[in-house]
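User: I am new to this structure and would like a close look at one helix and the residue that comes after it.
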Amino acid sequence: MGAAQIVFLVGLASLIVAMALRKNVMIPAVLATFATALAYSGSVPNAIMSVFRATITSGTALFEIFIVIAAVTSMLAAMRAIGSDEVMVRPVSRWMVNGRVAYIVLFVFTYFLSLFFWPTPALALIGAVLLPAAIKVGLPPLGAAVVLAISGQGMSIASDYVIGLAPSISASGAGVPADDIADRALVISLIVGITAAVLAYFLTVRRRMRTDAVPGTDPIGGTGHPPGGVGGTPAGPAAGFAPSPDVAVSPTATDVLDEELPGFEDDGTRITDRPTLTRAWAIGVPAAFVAVLVYMLVGRFTDLVPWEDGAGASLVGGTAIILMALVTVTSRRSDALEFCATHFIDGLSYAFKAMGIILPVAGFVYIGIPDYSGAILGLDDDTTGPAFLFDTVERVQPYIPDNGVFVALSMLFIGMAVGLDGSGWAGLPLTGGLAAALAPQSGMDTATLAAIAQNGATWTGGGTLVIWSSLVVVAGFCRIPVAELVRHLVVPVMAGLLLATGAAVVIW
């Protein structure tokens, strides 16, 4: 084992330790990249340049992620300016006739809304309208928080099936089609989510279900947007209801994103006198995304329409940008050009705040994968880059049992370990690379192992199992302590992950 490979392994261990200690992993990633490049080339200037090239390489590979986030966020900001976002979700509140039905409605609607708009923006809509209605008909705040976390922070983002960014990140390290990982991650996430939701209902929610209404609630929610947004704990009660006196307030989290979603601030530029236009886009936007979903499914599973691997992100992103422009043009005819640019810039700023930390971390992981390491280390185009990660796995393979169940469980716990950073996605290039290295010996395919690890990382850090993740936003909206929420999620989610991993071994 060469010096560069040893340094790479030490750097890898430092990242995992930093994640476990809930620390930011940027500095360990940068130092590990520098040290690995220095040990390989022996040149300090080349090592310095490798740090920059690693970030550029990962940015090139993952830039699609930032554009899609910017596109969807800018579209929601345009809708929020005319109130279409609230009108879009308000009719669902009428389906909530009692606490049990509210639990199911929140579970289903949060899942589908989060698939298209991602959990945190979706949570802003739900917290303003649906959450007060669910509380009013008897769903306890803890029950609402549990179902929101399982459906949105866990199940929807673990597969990221519509936008497809998580499978793309995993595929960048695994070297397999992103669609293969997405299909498997979808099945696994559904098994985990349904199992967790059922167990949580019987273990927690049913015992706390109340039939009396909560004073101070509005059955269809308020019209004001809840404070907070992307990751900071809301500064006050969720719009439309007040917590009971014995409910402790979730602590403020300063290590999660603390910027509001674009469009939350009301600077006097909101349009409130165009109800017909508001209703039209409240119907038109979801209809457009349903059409996108139908096209994606037809393209993936039939030959009726053209389809390419990983095209989902481009299709969703392009649709969001076009819708943002149309909403803005129809609502602000005189200054649409300026507001379109503002919405997109705000969305792009939010995207980099949300996902920027992935770049240096992914850059370090990529230096151990031959498809990227040559460019990072400045090697000639016709020179194959080193494979520190794969070489390491090959050395320890003789000591790994040739058992698919053992390897699958190992990938699950590795995924959960890298998810301890509180995001769940920073380590996906690493788990993808490990999946590619372990698949031949285990008798399982790479896509399945990558999907298992992706679920483990996302359910942990995305998050449902760590209090320093965006789970704090869910707790803040529902006005319960985030530690209590995690305590009621651990058993259902872990049971679901173990069951889904076993099912993956049997199915694939």
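Which residue follows H15, and is its phi positive or negative?

Analyst: The model is predicted, so local features are given only at pLDDT of at least 70 and side-chain atom pairs only at pLDDT 80 or more, while totals for chains, interfaces and linings use all residues. Residues are numbered from 1 along each chain as its sequence is written, and side-chain values use heavy atoms, without hydrogens and water.

Gly-378 follows H15, and its phi is positive, near 75°. The helix itself covers residues 370–377; helices here are DSSP runs of H or I with at least four residues, numbered from the N terminus. Within H15, the buried residues (under 20% relative accessible area, 1.4 Å probe, protein chains only) are Tyr-372, Ser-373, Gly-374, Ile-376 and Leu-377. These buried residues pack, with heavy atoms within 4.5 Å, against four helices: H2 (26–41), H3, H9 (165–174) and H14 (358–366).

A glycine with positive phi also comes just after H18, where Gly-443 has a phi of about 80°. H18 runs over residues 428–442 and has 15 residues. Of these, 13 are buried, so H18 is largely enclosed by the rest of the structure. From its first C-alpha to its last, H18 reaches 20 Å, close to the expected 21 Å, which is 1.5 Å times one less than the number of residues. At Ala-436, H18 bends by about 30°, the angle between axes fitted to the seven residues ending there and the seven starting there. Pro-440 follows Ala-436 within four residues.

Conventions
Buried means under 20% relative accessible area, exposed over 50%, partly exposed in between (1.4 Å probe, protein chains only). Helices (H or I, at least four residues) and strands (E, at least two) are DSSP runs, numbered from the N terminus.
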